[in-house]
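Hello,

Here is the structure I promised to pass on. Please open it first, then read my notes below.

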Amino acid sequence: MKFSTLVDYLAQLEATSKRLEMTRILGELFKHADADDIAAIVYLTQERLAPNYEAIEFGMGEALIAQAVTLATGVPLADVKKLYKERGDYGNVAEELSRAKSKKLQVDQVFEKLREIATTSGEGTVEKRVNLLADMLKACSPREARYLLRVPMGRLRLGVGDVTVLDGLSWSETGDKSLRPDLERAYNITSDLGLVAETFKRSGFKGLSKLKIAVGRPIRMELAERAKSAQEIIDRMGECALEPKVDGFRVQAHKDGEKVRLFSRNLEETTEMFPDVADAVRAQLEAKRAIIEGEAIAFDPETGDFRPFQETIQRKRKYGIDEMKETLPLKLLAFDVLWIDGEDVTGVGYKERHERLGELIAEGPGIQLIEQIYVNEPKAIDEFFMTKVEAGLEGIMAKRLDSKYVAGARNFNWMKFKRAYQGHLRDTMDLVVVGYLRGRGQRARFGIGALLCAVYDKKNDRFRTVAKVGSGLTEMEWLEYRNKLDAIALDHPHARVDSKMTPDVWVEPKYVMEVQADEITRSPIHTAGAKGDDPGYALRFPRVTNPNRIDKSPEDATTEHEIISMFEKQSRSEVKG
Ligand code: ATP
């Protein structure tokens with residue numbers, strides 16, 4: 001496909017904020033794409049150069065982009081920078097200054113060159129990058145230049161989410177969303193939308209079922225539903241297994257001989273961050289190749305006691321890793337196995353998987369099989385729960401004995417039973433910031449007084465507002481938020497945001513914060529859970545408990561469905577007193 005054709009579609013996508021329309025445009029685009037190009041097209045529309053889990057960054061900041069524009073157009077650097085100050089976007093600057101007419105560039109060439117820029121390293125990297133980009137700019141028409149720069153700089157802001165891509169793929173074949181479940185399943189086990197698109201294009205939806213789990217490529221993680229009481233667990237599961245709910249970091253570990261890769265809850269690679277866990281996987285996992293999951297938690301090397309989350313979280317850092325691994329080593333409490341030496345065991349029942357996991361782990365300090373018991377009555381659950389809570393843990397996890405590992409699903413195969421659920425609404429929620437209000441009084445001087453926050457509506461892949469949050473942040477944190485949000489501000493609501501309230505500044509849904517509230521109430525002001533004329537749901541007295549849930553992407557935020565079920569549970573507990 002010619003790059004100019006892709007650019008035509010990008011311009012159409014940019015002009016709409018309606019999701020259905022977006023799906024239709026993507027459907028057309030995918031229909032016209034060749035199997036050889038479609039992966040690149042999918043990545044580029046999402047402003048990426050690789051699947052989400054590969055941390056390939058474009059690697060050129062504004063200063064270098066300006067140099068490349070100068071080199072390509074001959075316009076002096078000072079003038080380029082001046083124009084940028086006026087326009088605020090290098091895409092527009094390049095479009096205005098570009099004189100070329102040719103529309104010869106192909107999508108695959110552009111993609112390869114952008115990747116080359118991103119992966120160039122060693123001596124003279126900066127110069128090489130500037131030259132490569134300038135060469136491409138020279139070959140671009142003005143409009144192509146605009147998008148060429150916007151894609152890698154993350155300035156497209158089309159709002160094309162993963163689910164919209166899947167819907168678009170389905171649409172390209174059937175004109176509707178009917179193939180989304182098959183496409184989603186393929187995505188859940190590969191985490192690579194480009195691969196899913198290419199496979200679909202080459203061999204249709206039947207080809208999708210041939211996509212398999214592969215070591216080294218993360219699998220979207222299974223998640224748990226909330227349980228309100230021991231009785232509810234037994235009612236739903238009957239006899240089940242209980243494990244302590246350990247408060248650390250979720251780790252999916254892939255071992256391929258000596259090569260180990262670790263992924264976070266969010267499928268970001270954390271191998272370099274946790275070298276002690278990677279070493280333990282190498283040493284203690286008795287399979288040549290395997291994929292296991294567990295929770296990594298810091299422990300005191302003197303006493304062997306586990307450390308609280310506030311200490312474990314200090315291991316989330318990019319620098320000083322070697323020192324931290326001595327003072328605050330991590331232990332992986334393994335709780336599942338997905339794949340062993342070429343055998344996909346996600347279809348095997350939980351009980352058997354757990355036994356096989358036990359056989360895989362050799363003695364050693366770095367990995368330990370998580371404690372587990374079987375129970376068949378509420379009393380035993382309450383007892384286990386109490387001992388864990390008394391030991392300072394958050395609670396327990398209940399697991400259905402015959403359940404498969406369902407990638408990317410949140411269902412009642414796993415139920416989390418936390419201390420907080422026993423009282424009123426004490427569990428926290430993870431909300432996505434979609435805008436901010438300037439505020440009055442004290443904080444008006446920072447220009448930010450409250451954040452408009454939303455939950456995720458999974459079915460329609462959009463964010464629906466649930467609260468205006470104005471407390472819980474320190475002055476520093478407000479300022480930091482203001483800066484972060486201004487960098488992603490929009491002059492209109494984002495295509496995937498559904499809001500009745502209009503904040504002073506709209507932003508891209510990007511940042512997730514943990515929020516606690518006293519209660520969930522019905523509310524006509526917010527859109528979360530609103531149906532027809534029925535009001536939505538809102539949080540009463542919301543306050544931020546953690547401003548940066550960096551381990552969560554917007555789609556991992558609390559869902560609309562969860563808010564409704566928390567509201568129902570809360571009402572029931574009120575009736576009971
Ligand atoms: P979620 O991950 O469900 O979206 P969250 O990030 O707020 O929500 P919690 O609700 O506290 O996390 O609980 C789920 C997490 O608990 C898992 O993702 C995992 O990291 C952790 N966990 C701790 N112990 C276990 C266990 N025994 N089995 C499964 N997960 C466990």
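**What I found**

The crossing of helices α5 and α6 is right-handed; that word applies if the near helix is turned clockwise from the far one by less than a right angle, and left-handed if anticlockwise. Helices (H or I, at least four residues) and strands (E, at least two) are DSSP runs, numbered from the N terminus.

Before more detail, some ground rules. This is a predicted model, where local features need pLDDT of at least 70 and side-chain atom pairs count only at pLDDT 80 or more, while totals for chains, interfaces and linings use all residues. Residues are numbered from 1 along each chain as its sequence is written, and side-chain values use heavy atoms, without hydrogens and water.

**Two helix pairs**

Take α5 (residues 77–87) and α6 (residues 90–97). Their axes come within 9 Å and cross at roughly 125°. Axes are lines fitted to C-alpha atoms, for helices over the stretch in contact, and angles run from 0 to 180 degrees between N-to-C directions. The crossing angle therefore makes α5 oblique to α6. The scale is this: under 35 degrees is roughly parallel, over 145 roughly antiparallel, 65 to 115 roughly perpendicular, and the rest oblique.

Which residues of α5 meet α6? They are Val80, Lys81, Leu83, Tyr84 and Arg87, and they meet Tyr90, Asn92, Val93, Glu96 and Leu97. Contact means heavy atoms within 4.5 Å.

Now α3 (residues 35–45) and α12 (residues 193–208). They pack at about 150°, with axes 8 Å apart. So α3 is roughly antiparallel to α12. This crossing is right-handed.

**The sheet**

One open sheet has five strands, in the order β1-β11-β10-β2-β9, with mixed pairing. Two strands pair if DSSP finds at least two bridges between them. The edge strands, β1 (223–226) and β9 (373–375), each pair on one side only. Neighbouring strands are turned by 40° against each other on average, direction ignored.

β1 and β11 (residues 410–418) pair in the parallel sense over four bridges. Arginine 226 stands opposite lysine 416 in β11. Helix α13 (residues 230–237) packs on the sheet and touches β1, β2 (240–245), β10 (395–400) and β11. Its direction makes about 160° with that of β11. Helix α17 (residues 350–360) also packs on the sheet. α17 touches β2, β9 and β10, and its direction makes about 55° with that of β2.

Best wishes
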